[in-house]
Amino acid sequence: VQLVESGGGLVQPGGSLRLSCAASGFTFSTYAMRWYRQAPGKERELVATVSSAGVSTYYADCMRGRCTISRDNAKNTVYLQIMRLKPADTAVYYCNAQLSVSGTRYTYWGQGTQVTVSS
């Protein structure tokens, strides 16, 4: 299993970014996908979840109304669009997959992509 994030960078407050996570090594279309983030000195926190077919989504309170999670199962890719970025959104953003194989759950993380919001 491999998860490769991209799309992070330095952005001014109020700007937007679209993060991508390319997945491989598993049947992408059968699993929900998640984005987490970890700010300096803080615990990793869930940002958003999208169901396997992309129909259902969940957003953390801090991101609700400012971000959209989506997926393209033909491309094995999950996206996170973040708008009206704030300095508090500065963090490493991670893609996450939780797979179930014969009743055992496996959790996979990408290497993360840095998002820095600063003027």
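## Arginine 37 and its strand

Let's start with strand S4, which spans residues 33–38 and includes arginine 37. Please keep in mind that this is a predicted model.

Is arginine 37 buried or exposed? Its relative accessibility is 7%, and buried means under 20%, so arginine 37 counts as buried.

## Partners of the arginine side chain

Which side chains make polar contacts with that of arginine 37? One is the side chain of aspartate 89, at 2.9 Å. Another is the side chain of tyrosine 93, at 3.0 Å.

Setting aside neighbours within four places in sequence, arginine 37 is also in contact with a longer list of residues. Among them are Glu43, Arg44, Glu45 and Val47, as well as Cys62 and Met63. The list also includes Ala88, Asp89, Ala91, Val92 and Tyr93.

## Strand S11 and its pairings

Ala91, one of the contacts of arginine 37, leads us on to strand S11: alanine 91 stands opposite valine 115 there. Strand S9 (residues 91–101) and S11 run antiparallel and are joined by three bridges.

Strand S11 also pairs with strand S2 (residues 9–11), this time in the parallel sense, again over three bridges. Within this pairing, valine 11 has valine 117 of S11 as its bridge partner.

## The two faces of S11

In a regular strand, side chains alternate between the two faces of the sheet. Which residues of S11 make up the covered face, and which the uncovered one? In S11 (residues 113–117), Thr113, Val115 and Val117 form the covered face, while Gln114 and Thr116 form the uncovered face. Two residues of that covered face have already appeared here: Val115 opposite alanine 91, and Val117 as the bridge partner of valine 11.

Note on methods: Residues are numbered from 1 along each chain as its sequence is written. This is a predicted model: local features need pLDDT of at least 70, side-chain atom pairs count only at pLDDT 80 or more; totals for chains, interfaces and linings use all residues. Side-chain values use heavy atoms; hydrogens and water are left out. Buried means under 20% relative accessible area, exposed over 50%, partly exposed in between (1.4 Å probe, protein chains only). Helices (H or I, at least four residues) and strands (E, at least two) are DSSP runs, numbered from the N terminus. Two strands pair if DSSP finds at least two bridges between them. A polar contact is a pair of N or O atoms within 3.5 Å; within protein, one must be able to donate a hydrogen and the other to accept it, and residues adjacent in sequence count only if both atoms are side-chain atoms. Contact means heavy atoms within 4.5 Å.
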